[in-house]
Amino acid sequence: MPSAHSGFTTYDAAPDLDPELPEVPTGLLGVSRSAVELATGRIELLHPRDAMDLIYRQNFGMDGDEPPYWAQPWPCGVELAAAIAARDVRGARVLELGCGLALPSLAAAQGGARVLATDWAEGALEFATYNARRNGLRLDVAVCDWADPAAVLADGPWDLVLAADLLYAHDGLDALGALMPRLVTAGGELWLADQGRPPAREFLRGCERWADITTTTTPNPDVRVHRLAPR
Ligand SMILES: C[S@@+](CC[C@H](N)C(=O)[O-])C[C@H]1O[C@@H](n2cnc3c(N)ncnc32)[C@H](O)[C@@H]1O
(Lines give C-alpha, C1' and ligand atoms only; values in the text may rest on other atoms or scores of the structure.)
Protein backbone atom coordinates (compact mmCIF):
# COMPACT_ATOMS: atom_id res chain seq x y z
CA MET A 1 0.00 0.00 0.00
CA PRO A 2 1.22 3.53 -0.67
CA SER A 3 1.00 4.35 3.08
CA ALA A 4 1.47 7.83 4.41
CA HIS A 5 3.03 9.58 1.39
CA SER A 6 1.03 12.44 -0.09
CA GLY A 7 -1.80 12.03 2.38
CA PHE A 8 -2.84 8.46 1.43
CA THR A 9 -4.57 6.44 4.15
CA THR A 10 -6.05 2.94 4.02
CA TYR A 11 -8.86 2.05 6.40
CA ASP A 12 -9.54 -1.45 7.68
CA ALA A 13 -13.27 -0.99 7.77
CA ALA A 14 -15.17 -2.38 4.81
CA PRO A 15 -17.46 0.13 3.08
CA ASP A 16 -21.18 0.01 3.48
CA LEU A 17 -22.81 -2.59 1.28
CA ASP A 18 -23.73 -1.11 -2.06
CA PRO A 19 -25.61 -3.22 -4.61
CA GLU A 20 -23.63 -1.56 -7.39
CA LEU A 21 -20.18 -2.48 -6.04
CA PRO A 22 -17.90 -3.71 -8.83
CA GLU A 23 -16.96 -7.40 -8.92
CA VAL A 24 -13.66 -8.25 -7.23
CA PRO A 25 -11.38 -10.64 -9.10
CA THR A 26 -11.11 -14.29 -8.13
CA GLY A 27 -8.70 -14.88 -5.27
CA LEU A 28 -9.37 -11.59 -3.53
CA LEU A 29 -11.41 -11.42 -0.38
CA GLY A 30 -13.44 -8.30 -0.97
CA VAL A 31 -12.94 -4.58 -1.02
CA SER A 32 -11.33 -2.05 1.27
CA ARG A 33 -11.36 1.71 1.35
CA SER A 34 -8.62 4.34 1.19
CA ALA A 35 -8.62 8.09 0.98
CA VAL A 36 -6.16 10.64 -0.29
CA GLU A 37 -6.08 14.34 0.59
CA LEU A 38 -5.12 16.43 -2.43
CA ALA A 39 -4.82 20.14 -3.13
CA THR A 40 -8.14 19.87 -5.02
CA GLY A 41 -9.88 18.00 -2.18
CA ARG A 42 -10.33 14.52 -0.74
CA ILE A 43 -10.75 11.46 -2.93
CA GLU A 44 -12.23 8.27 -1.47
CA LEU A 45 -10.96 5.16 -3.21
CA LEU A 46 -12.59 1.75 -3.08
CA HIS A 47 -10.31 -1.06 -4.23
CA PRO A 48 -9.92 -4.83 -4.03
CA ARG A 49 -8.55 -6.05 -0.71
CA ASP A 50 -5.26 -8.00 -0.47
CA ALA A 51 -4.38 -7.46 -4.14
CA MET A 52 -0.67 -7.65 -3.36
CA ASP A 53 -1.06 -11.18 -1.97
CA LEU A 54 -2.66 -12.34 -5.19
CA ILE A 55 -0.07 -10.52 -7.30
CA TYR A 56 2.77 -12.27 -5.44
CA ARG A 57 1.08 -15.67 -5.68
CA GLN A 58 0.46 -15.32 -9.41
CA ASN A 59 3.93 -13.93 -10.10
CA PHE A 60 5.62 -16.81 -8.36
CA GLY A 61 3.05 -19.44 -9.34
CA MET A 62 4.04 -18.92 -13.01
CA ASP A 63 0.59 -20.01 -14.15
CA GLY A 64 0.59 -17.73 -17.16
CA ASP A 65 -2.21 -15.47 -15.96
CA GLU A 66 -1.64 -11.69 -15.89
CA PRO A 67 -1.62 -10.78 -12.17
CA PRO A 68 -4.21 -8.10 -11.34
CA TYR A 69 -1.70 -5.26 -11.16
CA TRP A 70 -4.57 -2.84 -11.72
CA ALA A 71 -6.15 -3.75 -8.37
CA GLN A 72 -3.42 -2.24 -6.19
CA PRO A 73 -3.14 1.53 -5.49
CA TRP A 74 0.56 1.92 -6.39
CA PRO A 75 2.69 4.73 -4.93
CA CYS A 76 3.21 6.20 -8.42
CA GLY A 77 -0.53 6.69 -8.84
CA VAL A 78 -0.75 8.50 -5.53
CA GLU A 79 2.17 10.83 -6.30
CA LEU A 80 1.00 11.53 -9.85
CA ALA A 81 -2.44 12.40 -8.47
CA ALA A 82 -0.82 14.84 -6.04
CA ALA A 83 1.23 16.41 -8.87
CA ILE A 84 -1.87 16.82 -11.04
CA ALA A 85 -3.86 18.33 -8.18
CA ALA A 86 -1.16 21.00 -7.83
CA ARG A 87 -1.54 22.10 -11.46
CA ASP A 88 -4.38 24.09 -13.03
CA VAL A 89 -6.00 21.61 -15.44
CA ARG A 90 -9.38 23.34 -15.78
CA GLY A 91 -10.80 22.66 -19.23
CA ALA A 92 -7.84 20.48 -20.31
CA ARG A 93 -8.44 17.24 -22.22
CA VAL A 94 -6.63 14.55 -20.28
CA LEU A 95 -5.93 10.88 -21.08
CA GLU A 96 -4.59 8.28 -18.63
CA LEU A 97 -2.95 5.09 -19.91
CA GLY A 98 -2.82 1.89 -17.81
CA CYS A 99 -4.92 3.70 -15.24
CA GLY A 100 -5.58 0.84 -12.80
CA LEU A 101 -7.69 2.44 -10.07
CA ALA A 102 -7.26 5.78 -11.90
CA LEU A 103 -6.35 8.03 -9.01
CA PRO A 104 -4.52 10.56 -11.28
CA SER A 105 -7.57 10.64 -13.55
CA LEU A 106 -9.84 11.30 -10.58
CA ALA A 107 -7.53 14.09 -9.42
CA ALA A 108 -7.59 15.67 -12.90
CA ALA A 109 -11.40 15.41 -13.00
CA GLN A 110 -11.57 17.01 -9.56
CA GLY A 111 -9.39 19.83 -10.91
CA GLY A 112 -11.87 20.50 -13.72
CA ALA A 113 -10.36 18.53 -16.64
CA ARG A 114 -12.26 16.34 -19.11
CA VAL A 115 -10.71 12.94 -18.56
CA LEU A 116 -10.60 9.58 -20.33
CA ALA A 117 -9.15 6.80 -18.15
CA THR A 118 -8.00 3.68 -20.01
CA ASP A 119 -6.64 0.24 -19.21
CA TRP A 120 -6.74 -3.17 -20.84
CA ALA A 121 -8.25 -4.66 -17.68
CA GLU A 122 -12.01 -4.22 -17.54
CA GLY A 123 -11.98 -4.68 -13.76
CA ALA A 124 -9.87 -1.53 -13.49
CA LEU A 125 -12.45 0.47 -15.39
CA GLU A 126 -15.30 -0.88 -13.26
CA PHE A 127 -13.57 0.37 -10.10
CA ALA A 128 -12.60 3.68 -11.75
CA THR A 129 -16.21 4.26 -12.77
CA TYR A 130 -17.50 3.36 -9.33
CA ASN A 131 -14.97 5.63 -7.62
CA ALA A 132 -15.73 8.56 -9.92
CA ARG A 133 -19.42 8.27 -9.04
CA ARG A 134 -18.67 7.86 -5.33
CA ASN A 135 -16.67 11.11 -5.43
CA GLY A 136 -19.18 13.00 -7.56
CA LEU A 137 -16.75 13.30 -10.49
CA ARG A 138 -17.28 12.93 -14.21
CA LEU A 139 -14.94 10.37 -15.79
CA ASP A 140 -15.03 8.64 -19.17
CA VAL A 141 -13.43 5.20 -19.41
CA ALA A 142 -12.38 2.97 -22.31
CA VAL A 143 -10.62 -0.35 -22.73
CA CYS A 144 -7.29 0.28 -24.44
CA ASP A 145 -4.38 -2.07 -25.05
CA TRP A 146 -1.33 -0.05 -26.14
CA ALA A 147 -0.87 -2.53 -29.01
CA ASP A 148 -4.37 -1.70 -30.27
CA PRO A 149 -4.87 1.98 -29.41
CA ALA A 150 -7.65 2.94 -31.85
CA ALA A 151 -9.90 4.02 -28.97
CA VAL A 152 -7.51 6.68 -27.69
CA LEU A 153 -6.26 7.82 -31.10
CA ALA A 154 -9.82 8.43 -32.29
CA ASP A 155 -10.45 10.95 -29.51
CA GLY A 156 -6.98 12.48 -29.53
CA PRO A 157 -4.80 14.42 -29.48
CA TRP A 158 -4.77 15.22 -25.75
CA ASP A 159 -3.48 18.23 -23.81
CA LEU A 160 -2.07 16.01 -21.07
CA VAL A 161 -1.34 12.27 -21.01
CA LEU A 162 -0.81 10.55 -17.67
CA ALA A 163 0.96 7.27 -16.92
CA ALA A 164 1.74 5.91 -13.45
CA ASP A 165 4.00 2.91 -12.88
CA LEU A 166 3.91 1.51 -16.39
CA LEU A 167 7.68 1.17 -16.87
CA TYR A 168 8.11 -2.25 -15.26
CA ALA A 169 9.21 -5.39 -17.17
CA HIS A 170 6.40 -6.51 -19.48
CA ASP A 171 5.78 -7.24 -23.17
CA GLY A 172 3.95 -3.98 -23.85
CA LEU A 173 6.81 -1.49 -23.43
CA ASP A 174 7.61 -1.22 -27.17
CA ALA A 175 3.94 -0.59 -28.00
CA LEU A 176 3.72 2.00 -25.22
CA GLY A 177 6.86 3.77 -26.46
CA ALA A 178 5.53 3.87 -30.03
CA LEU A 179 2.12 5.14 -28.95
CA MET A 180 3.11 7.99 -26.62
CA PRO A 181 4.38 10.51 -29.22
CA ARG A 182 1.14 10.10 -31.22
CA LEU A 183 -1.10 11.21 -28.37
CA VAL A 184 -0.42 14.84 -27.47
CA THR A 185 -1.38 18.20 -28.94
CA ALA A 186 1.29 20.74 -29.98
CA GLY A 187 2.30 22.24 -26.65
CA GLY A 188 0.87 19.26 -24.75
CA GLU A 189 2.74 17.09 -22.27
CA LEU A 190 2.98 13.54 -20.99
CA TRP A 191 3.56 12.99 -17.28
CA LEU A 192 5.07 9.64 -16.31
CA ALA A 193 5.42 8.64 -12.66
CA ASP A 194 8.04 5.96 -12.09
CA GLN A 195 9.50 4.34 -9.00
CA GLY A 196 12.87 3.28 -10.37
CA ARG A 197 11.72 0.08 -12.08
CA PRO A 198 14.70 -1.41 -14.00
CA PRO A 199 13.36 -0.82 -17.56
CA ALA A 200 12.52 2.84 -16.91
CA ARG A 201 15.97 4.27 -17.63
CA GLU A 202 16.24 2.77 -21.13
CA PHE A 203 12.61 3.58 -21.89
CA LEU A 204 13.14 7.24 -21.03
CA ARG A 205 16.36 7.34 -23.06
CA GLY A 206 14.26 6.29 -26.05
CA CYS A 207 11.80 9.10 -25.32
CA GLU A 208 14.62 11.67 -25.47
CA ARG A 209 14.61 11.18 -29.27
CA TRP A 210 11.28 13.02 -29.54
CA ALA A 211 10.71 14.87 -26.26
CA ASP A 212 12.44 17.18 -23.79
CA ILE A 213 12.21 15.57 -20.34
CA THR A 214 12.07 17.35 -16.99
CA THR A 215 12.22 15.16 -13.89
CA THR A 216 11.01 16.15 -10.42
CA THR A 217 11.04 14.39 -7.07
CA THR A 218 7.92 13.75 -5.00
CA PRO A 219 7.24 13.41 -1.25
CA ASN A 220 7.79 9.66 -1.72
CA PRO A 221 11.57 9.25 -2.10
CA ASP A 222 11.12 6.28 -4.47
CA VAL A 223 8.86 8.07 -6.95
CA ARG A 224 9.75 10.60 -9.64
CA VAL A 225 7.57 12.40 -12.16
CA HIS A 226 9.00 12.79 -15.68
CA ARG A 227 7.35 15.52 -17.74
CA LEU A 228 7.79 14.92 -21.47
CA ALA A 229 7.30 17.87 -23.83
CA PRO A 230 7.33 16.66 -27.46
CA ARG A 231 9.58 18.70 -29.79
C1 LIG B 1 1.62 -1.40 -12.01
S2 LIG B 1 -0.03 -1.13 -12.58
C3 LIG B 1 -0.23 0.62 -12.34
C4 LIG B 1 -1.67 0.99 -12.16
C5 LIG B 1 -1.93 2.48 -11.88
N6 LIG B 1 -1.47 3.31 -12.98
C7 LIG B 1 -1.32 2.91 -10.56
O8 LIG B 1 -0.27 3.61 -10.58
O9 LIG B 1 -1.85 2.57 -9.51
C10 LIG B 1 0.14 -1.27 -14.36
C11 LIG B 1 -1.17 -1.03 -15.12
O12 LIG B 1 -0.93 -1.12 -16.53
C13 LIG B 1 -1.96 -1.88 -17.14
N14 LIG B 1 -1.40 -2.48 -18.37
C15 LIG B 1 -0.37 -3.36 -18.47
N16 LIG B 1 -0.14 -3.66 -19.75
C17 LIG B 1 -1.04 -2.95 -20.50
C18 LIG B 1 -1.29 -2.82 -21.90
N19 LIG B 1 -0.56 -3.49 -22.80
N20 LIG B 1 -2.27 -1.99 -22.31
C21 LIG B 1 -3.00 -1.29 -21.39
N22 LIG B 1 -2.83 -1.38 -20.04
C23 LIG B 1 -1.85 -2.19 -19.61
C24 LIG B 1 -2.34 -2.90 -16.08
O25 LIG B 1 -3.64 -3.45 -16.26
C26 LIG B 1 -2.26 -2.05 -14.80
O27 LIG B 1 -3.45 -1.38 -14.52
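In this predicted model, strand S2 (residues 31-38) and strand S3 run antiparallel and are joined by eight bridges. One of the pairs across S2 and S3 is Val36, whose bridge partner in S3 is Ile43. Both strands belong to an open sheet of three strands, ordered S1-S2-S3, with antiparallel pairing. Strand S1 (8-11) and strand S3 (41-48) are the edge strands, each pairing on one side only. Direction ignored, neighbouring strands of this sheet are turned by 25° against each other on average.

Helix H3 (residues 103-110) lies across S2 and S3 and runs at about 150° to S3.

H3 also has a place in the parallel part of the structure. Strand S4 (residues 93-97) runs parallel to S5, with four bridges between them; Arg93 stands opposite Arg114 in S5. From S4 the chain crosses through H3 to S5, a β-α-β crossover that is right-handed. A right-handed β-α-β unit is also made by S5, helix H4 (residues 122-134) and S6. S5 and strand S6 (residues 140-143) run parallel and are joined by four bridges, and Asp119 stands opposite Val143 in S6.

The strand pairs described so far with their bridge counts are set out here.

| Strand pair | Bridges | Direction |
|---|---|---|
| S2 and S3 | eight bridges | antiparallel |
| S4 and S5 | four bridges | parallel |
| S5 and S6 | four bridges | parallel |

Burial can be described for two elements. Strand S5 (residues 114-119) is mostly covered, with five of its six residues buried. In helix H2 (residues 75-85), eleven of the eleven residues are buried, so the helix is largely enclosed by the rest of the structure. The buried residues of H2 include Pro75, Cys76, Gly77, Val78 and Glu79, and the run continues through Leu80, Ala81, Ala82, Ala83, Ile84 and Ala85. Which elements cover the buried residues of H2? They include S1, S2 and H3, together with strand S7 (158-164), strand S8 (184-194) and strand S10 (224-230). S1 and S2, members of the open sheet of three strands, are thus among the elements that cover H2.

The ligand is surrounded by 22 residues. The closest are Trp70, Gly77, Gly98, Gly100 and Gly172. Gly77, one of these closest residues, is also among the buried residues of H2. By class, the shell around the ligand holds 14 nonpolar, five polar and three charged residues.

Definitions and conventions: Residues numbered from 1 in each chain as written. Predicted model: local features only at pLDDT ≥ 70, side-chain atom pairs only at ≥ 80, totals over all residues. Pairing = 2+ DSSP bridges. Axes fitted to C-alpha atoms, helices over the stretch in contact; angles between N-to-C directions. Contact = placed C-beta atoms within 7 Å. Near = placed C-beta within 6 Å. Nonpolar A, V, L, I, M, F, W, Y, C, P; charged D, E, K, R; others polar. Buried ≥ 20, exposed ≤ 12 C-beta atoms within 10 Å, placed from the backbone. Right-handed = clockwise from strand over helix to strand, strands pointing away.
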